[in-house]
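The following paragraphs lead through a single protein chain, beginning with how its strands pair and ending with its cysteines. Please keep the sequence and the structure in view while reading.

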Amino acid sequence: MEKTALIFVGIVACLASVASATAGIATFYTNYVPSACFGSNPQGNMIAAAGDSLWNNGAVCGKTFTVTCTGPRNAVPHPCTVKSVTVKIVDHCPGCPSTIDLSREAFAIIADPVAGIINIDYTQYA
């Protein structure tokens, strides 16, 4: 009985985490400094720029998001890996076609960079 209850709790927890993800679009960029949030202070390679829908006048600066590729947005077949990546928002990407503009290194973890643009699910990391 305890084993069944534990399995049920695990399934519910997994479904809750999937249900809280938000669908979006990701692209990538390669010039990381200066940034709108941190100026000329480098923040590493696991970073991203927020598109207009997330930017909120810079309120998202320094927040971390876990991003997972969910599928293609163009003719590149099967761009996704099975991995997710956690990135820190360091910049603004005004007018970007994406929700999150990932560093090239972060994008390459979740998808083939040849794709250039992908569908994603993302969650803000608590």
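Strands E1 and E5 pair in the parallel sense, over 4 bridges. The model in which this pairing appears is a predicted one. Within the pairing, Thr-27 stands opposite Asp-101 in E5. On its other side in the sheet order, E1 is followed by E6, and the pairing of E1 and E6 is antiparallel, with 5 bridges. Here Thr-22 has Tyr-122 of E6 as its bridge partner. Strand E5 also pairs with E2: these two run antiparallel and are joined by 3 bridges, with Ala-50 opposite Ile-100 in E5. In general, the strands of a sheet pair through backbone hydrogen bonds, in either a parallel or an antiparallel sense.

What do these pairings build when they are followed from strand to strand? The strands form a closed barrel of 6, in the order E1-E5-E2-E4-E3-E6, and the pairing is mixed. Neighbouring strands of this sheet are turned against each other by 50 degrees on average, direction ignored. The secondary structure of the protein amounts to 3 helices and 6 strands. Read from the N terminus, the elements follow the order α-β-β-α-β-β-β-α-β. Contacts across the chain reflect long separations in sequence: among contacts with a separation of 6 or more, 79% involve residues 24 or more positions apart.

Thr-27 offers a view of one position in the barrel. This residue lies in strand E1, which spans residues 22–29. Is Thr-27 buried or exposed? Its relative accessibility is 10%, and because buried means under 20%, Thr-27 counts as buried. With neighbours within four places in sequence left aside, Thr-27 is in contact with Pro-97, Ser-98, Ile-100, Asp-101, Leu-102, Phe-107, Gly-116 and Ile-117. Asp-101, already named as the residue opposite Thr-27, is thus one of its contacts.

Leu-102 is another of those contacts, and it leads to the interior. With neighbours within four places in sequence again left aside, Leu-102 touches Ala-26, Thr-27, Phe-28 and Tyr-29, and also Ile-47, Ala-48, Val-67, Val-87, Phe-107 and Ile-110. The largest nonpolar core has 23 residues, and Leu-102 is among those with the most contacts inside it, together with Val-67, Ile-100, Ile-110, Ile-118 and Ile-120. At least two residues of this core come from each of strands E2 (47–51), E3 (64–72), E4 (84–93), E5 (100–103) and E6 (118–124), and likewise from each of helices H2 (52–55) and H3 (104–110). Another core lies apart from it, with 6 residues that include Tyr-29, Ile-47, Ala-49 and Cys-93. Over the protein as a whole, 36% of the 126 residues count as buried. The accessible surface comes to about 7,100 Å², and carbon and sulfur atoms account for 60% of that area.

The cysteines complete the picture. How many disulfides does the structure hold? There are 3, and with the bonded cysteines numbered in sequence order, the pairing is 1-2, 3-4, 5-6. One disulfide joins Cys-37 to Cys-61, with an S to S distance of 2.0 Å. The torsion about this S-S bond is about -75 degrees, so the disulfide of Cys-37 and Cys-61 is left-handed. This pair links distant parts of the chain, 24 residues apart: Cys-37 is in the loop between E1 and E2, and Cys-61 is in the loop between H2 and E3. Cys-61 counts as partly exposed, at 27% relative accessibility.

A further disulfide joins Cys-69 to Cys-80, with an S to S distance of 2.0 Å. Its torsion is about -55 degrees, so the bond between Cys-69 and Cys-80 is also left-handed. Because Cys-69 lies in strand E3 and Cys-80 in the loop between E3 and E4, the pair ties together parts that are 11 residues apart in sequence. Cys-69 is buried, with a relative accessible area of 8%, whereas Cys-80 counts as partly exposed at 28% relative accessibility.

The remaining disulfide is formed by Cys-93 and Cys-96, whose sulfur atoms are placed 1.4 Å apart in the model. Cys-93 is buried, with a relative accessible area of 10%, and belongs to the core of 6 residues. Its partner, Cys-96, counts as partly exposed at 21% relative accessibility.

How values were computed. Residues are numbered from 1 along each chain as its sequence is written. This is a predicted model: local features need pLDDT of at least 70, side-chain atom pairs count only at pLDDT 80 or more; totals for chains, interfaces and linings use all residues. Side-chain values use heavy atoms; hydrogens and water are left out. Buried means under 20% relative accessible area, exposed over 50%, partly exposed in between (1.4 Å probe, protein chains only). Contact means heavy atoms within 4.5 Å. Accessible areas come from the Shrake-Rupley method with a 1.4 Å probe; for residues, only the protein chains shown count as cover. A nonpolar core is a set of buried Ala, Val, Leu, Ile, Met, Phe, Trp, Tyr and Cys residues joined through side-chain atoms within 4.5 Å. A disulfide is a pair of cysteine sulfur atoms within 2.5 Å. Two strands pair if DSSP finds at least two bridges between them. Axes are lines fitted to C-alpha atoms, for helices over the stretch in contact, and angles run from 0 to 180 degrees between N-to-C directions.
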